Amino acid sequence: DFAREVGNQIYYTGVQAVPAALVIALGVGVLAIAQGVSGVGALTSTDDLGRLATVLVVRELSPLITGIVVIARSVTAVSAELGLMSVNREVEALEAMGIPPMRNLIAPRLIGGMTAITGLSIIFAAAALVGGFWISRVLFAYLPASLFFRAVLSATSLLDLSTFFAKSLLGGLGLFLIACYHGMNVAGSPTRVPVCVSRASRHGLIYLLALHGLIDLYTLTPSLQGTVLMP
């Protein structure tokens, strides 16, 4: 039924991807903080470190890399699955039986995909912050965990959280819409399915990058207005 299909999509997209996401997130957290500190230079307080971790790890990298992982795992799988169903005329058979494909094939994948990618982004952000804390202890001698995570929480604004969830939810919606669109529009022989998968992953990546760029442009423009660049 509908709830079971949604649950299956959450399991395949989110739960099964957790181990790989944790490993990637730890590495991303280490590299983000290390490269951020080296690029910015000396930080004057833990507040600066917390803001650096919030901007790089939570707001930017977590939803972006989670989206890329989902493209590699689930967007390709969903487009291939629906593509094969289209080629084998299973979609037409459902319509002939009075079963709407939108409700039984597309909607569960959209809802399950959005839920899974949002949950996976939260897990990714948490694991990346742990990686960032480890490298922070190396860079700044002994840094208490309570001090680091308190600095991250105090530096996280409502705008940061809104940006994070907007990127996750809209990213999940768009990626699975793209996967379903390409899968449902495969016609001809099964040899068209790999082409559909390639297009879905390519268009998904373009959409993800464009979405993040537009959201960042919208949220950062007010804070940059009035900024004066000194020669």
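Helices here are DSSP runs of H or I with at least four residues, numbered from the N terminus, and by that reckoning leucine 26 belongs to helix α2, which covers residues 18-40. The views below show details of a predicted model.

**Figure 1. Overview of the predicted protein chain, with eight helices and zero strands.** Followed along the sequence, the elements of the protein chain read α-α-α-α-α-α-α-α. Its C-alpha atoms fill a box of roughly 65 × 40 × 30 Å when the box is taken along the principal axes. The protein chain has 231 residues, of which 42% count as buried. Among contacts in the protein chain that link residues at least 6 apart in sequence, 83% are between residues at least 24 apart.

**Figure 2. Leucine 26 of helix α2 and the residues it touches.** Leucine 26 is placed in helix α2 (residues 18-40) and is partly exposed, with a relative accessible area of 30%. When residues up to four places away in sequence are not counted, leucine 26 touches Ala127, Val130, Gly131 and Trp134. Leucine 26 and glycine 132 are separated by 106 residues in sequence, while their C-alpha atoms lie 7.6 Å apart in space.

**Figure 3. The packing of helix α5 against helix α7.** Helix α5 (residues 101-139) and α7 pack at an angle of about 145°, and their axes are 8 Å apart; the crossing of this pair is right-handed. On the α5 side the contact is made by Pro101, Leu105, Ile106, Arg109, Leu110, Gly113, Met114, Ile117, Thr118, Ser121, Ile122 and Ala125, and on the α7 side by Phe164, Phe165, Ser168, Leu169, Gly172, Leu173, Leu175, Phe176, Leu177, Cys180 and Met184. Sorted by character, the residues of the contact of α5 with α7 are 17 nonpolar, five polar and one charged.

**Figure 4. The crossing of helix α1 and helix α3.** The axes of helix α1 (residues 2-13) and helix α3 (residues 46-87) come within 10 Å of each other, and they cross at roughly 140°. Gln9, Tyr12 and Thr13 of α1 make this contact with Val70, Arg73, Ser74 and Val78 of α3. The residues of the contact of α1 with α3 comprise three nonpolar, three polar and one charged.

**Figure 5. Valine 6 in helix α1.** Valine 6 has a relative accessible area of 12% and is therefore counted as buried, since buried means under 20%. Leaving aside its neighbours within four places in sequence, valine 6 is in contact with Pro108, Ile111 and Gly112. For a sense of distance across the model, valine 6 and arginine 199 are 193 residues apart in sequence and 24 Å apart in space, C-alpha to C-alpha.

**Figure 6. Histidine 182 and its polar contact with histidine 203.** Histidine 182 sits in helix α7 (residues 158-184) and counts as buried at 12% relative accessibility. The side chain of histidine 182 makes a polar contact with the side chain of histidine 203, at 2.9 Å. Not counting residues up to four places away in sequence, histidine 182 touches Cys196, Arg199, Ala200 and His203.

**Figure 7. Cysteine 180 and cysteine 196, two buried residues.** The relative accessible area is 2% for cysteine 180 and 5% for cysteine 196. The closest cysteine sulfur to that of cysteine 180 is in cysteine 196, at 10 Å, which is too far for a bond, because a disulfide requires the two sulfur atoms to be within 2.5 Å. Seen from the other partner, the sulfur of cysteine 196 has its closest cysteine sulfur in cysteine 180. The count by this rule comes to zero disulfides.

**Figure 8. Histidine 212 in helix α8.** Helix α8 spans residues 192-224 and includes histidine 212, which at 5% relative accessibility counts as buried. Apart from its neighbours within four places in sequence, histidine 212 is in contact with Glu60, Pro63, Leu64 and Lys167.

**Figure 9. Arginine 89, a residue with a positive phi.** Most residues other than glycine have a negative phi. Arginine 89 has a positive phi of about 65° although it is not a glycine. Arginine 89 lies in the loop between α3 and α4 (90-96) and is exposed, with a relative accessible area of 52%.

Notes. Residues are numbered from 1 along each chain as its sequence is written. This is a predicted model: local features need pLDDT of at least 70, side-chain atom pairs count only at pLDDT 80 or more; totals for chains, interfaces and linings use all residues. Side-chain values use heavy atoms; hydrogens and water are left out. Axes are lines fitted to C-alpha atoms, for helices over the stretch in contact, and angles run from 0 to 180 degrees between N-to-C directions. Helices (H or I, at least four residues) and strands (E, at least two) are DSSP runs, numbered from the N terminus. Contact means heavy atoms within 4.5 Å. Ala, Val, Leu, Ile, Met, Phe, Trp, Tyr, Cys and Pro count as nonpolar, Asp, Glu, Lys and Arg as charged, and the others, Gly among them, as polar. Buried means under 20% relative accessible area, exposed over 50%, partly exposed in between (1.4 Å probe, protein chains only). A polar contact is a pair of N or O atoms within 3.5 Å; within protein, one must be able to donate a hydrogen and the other to accept it, and residues adjacent in sequence count only if both atoms are side-chain atoms. A crossing is left-handed if the near helix is turned anticlockwise from the far one by less than a right angle, and right-handed if clockwise.
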